[in-house]
Amino acid sequence: MTNIIFMGTPDFSVPILEKLHEQFNVDLVVSQPDRPVGRKRKLTPPAVAKKAADLGIDLYQPEKISHPESVEKIKSYNPDIIITAAYGQLLSEDVLNIPELGCVNVHASLLPKHRGGAPIHRSILEGDKETGVTLMYMAKELDAGDIIASVKTDILESDTVGTLHDRLSELGTKILIKELPAILNKENSRTPQNDADATFSPNIEKDDEYVEFNRSAREIFNHIRGLNPFPGSYTTINGQRLKLYLSKILGSKSKETPGTILKDTKDGFIVSTNDYDVEILEVQPSGRKRMPAFQFIENNQSLIGQVFGVDNDS
């Protein structure tokens, strides 16, 4: 019987773990440590750790997978192969060299494009027309190993990072289950990546969440949907944060300062940009729940004519 270790952390990895365990049996799950979550900072296990517990699989949550103690723990399971999907830590050479069949990663982009920790977000933020999942051997360099197989999907105008995330997780599950028998039998192909074509997609930082309206409508549209629902984009009005979740590009063009709230509509409100106007359709005021934008502007009519990102009271 093949000994398999699976490493993953967020929701993206859960369907992959479930199907892998169902089809091939997983001996150990490695996930990130529990972290404080929410306003009360309650210590909460990551999604993969919860699923491992539900499935009755041994669970290991080291702070650093590269520590000698962690390496010895992995060795003790004598894995034939290590499979990762959005684990969140780089594997050291000591870990990469443990399994005879190598370490295989399910990565949510068409490598060598979008190496790094936020490929799904960045593919939308950068206006890509398509993306996909790559199954690859892991190497010391970030997401630079040989490609085993890949599968493509279009990025739809209706996609958010949430919908694309779920679709790529499903595709990642399918491609792994399809290719794994050949990998275990050493019959699979492997193609080196062209490093000259590589692009990088670092994790989303706090500064990335702020929406600057002094840009094109297309960039703003992609920004809002590229962070919906997590972590969410935002702007400010009169010193208060307003999260933005859904928008639409309109055919109209305003000469007003970019970021000006032009008027309300039956679905929300219209804001000027560097070119075409955008209609904001769903928001979340500070300290409140998400709501339709028309409901927000209906209760804040005095904001019409004011400018996002500007202290309108001064």
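Student: How many salt bridges turn up in the whole structure?
Tutor: A search of the whole structure finds 17 salt bridges. Keep in mind that this is a predicted model.

Student: Okay, what is the general idea behind a pairing like that?
Tutor: Side chains of opposite charge can pair when their charged atoms come close.

Student: Which residue does Asp 208 form a salt bridge with?
Tutor: That would be Arg 122, and the closest N and O atoms are 3.3 Å apart. The pair links distant parts of the chain, 86 residues apart. Asp 208 sits in the loop between helix 6 and helix 7, while Arg 122 belongs to helix 5.

Student: Switching to helix 6, why does its end-to-end distance agree with its number of residues?
Tutor: Helix 6 runs over residues 161–184, which is 24 residues. At 1.5 Å a residue they should span 34 Å, and the end C-alpha atoms are 33 Å apart, so the two agree.

Student: Where is the kink in helix 6?
Tutor: Look at Lys 178, where there's a kink of about 30°. The proline Pro 181 comes shortly after that spot.

Student: And what follows helix 6?
Tutor: Lys 186 follows helix 6, and its phi is positive, near 60°. For background, most residues other than glycine have a negative phi.

Student: What's phi like at Asn 25, positive or negative?
Tutor: Positive, near 75°, and Asn 25 isn't a glycine. You'll find Asn 25 in the loop between helix 1 (14–24) and strand 2 (28–30).

Student: New topic: which prolines come after cis peptide bonds?
Tutor: Pro 229 is one of them: the bond from Asn 228 to Pro 229 is cis, with omega near 10°. The bond from Phe 230 to Pro 231 is cis too, with omega near 0°. Pro 229 is in the loop between helix 7 and strand 10 (233–237), and Pro 231 is found in that loop as well. In general, most peptide bonds are trans.

Student: How much space is in the largest pocket?
Tutor: About 1,700 Å³. The pocket is lined by 49 residues, and Thr 9, Pro 10, Ala 86, Gly 117 and Asn 203 lie nearest its centre.

Student: Which elements supply at least two residues each to that lining?
Tutor: Among them are strand 3 (35–37), strand 7 (103–107), helix 5 (119–125) and strand 11 (240–253).

Student: Last one: what residues make up the nonpolar patch on the surface with Phe 200?
Tutor: Leu 90 and Leu 142 join Phe 200 there, with about 310 Å² of accessible area together. Phe 200 itself is in the loop between helix 6 and helix 7 (217–225).

Note on methods
Residues numbered from 1 in each chain as written. Predicted model: local features only at pLDDT ≥ 70, side-chain atom pairs only at ≥ 80, totals over all residues. Heavy atoms only, no water. Helix = DSSP H or I, 4+ residues; strand = E, 2+ residues; numbered from the N terminus. Expected span 1.5 Å × (residues − 1). Bend = angle between axes of the 7 residues up to and from the residue. Patch = residues over 30% accessible without salt bridge, like charges linked within 9 Å, V, L, I, M, F, W, Y side chains within 5 Å. Areas by Shrake-Rupley, 256 points an atom, 1.4 Å probe, with all protein chains shown as cover. Salt bridge = Lys/Arg side-chain N within 4 Å of Asp/Glu carboxyl O. 1 Å grid on protein atoms, 1.4 Å probe; cavity = no way out; pocket = protein on both sides within 12 Å on 5 of 7 lines; lining within 4 Å. Points joined across faces, edges and corners; volume = space filled by probe spheres on them.
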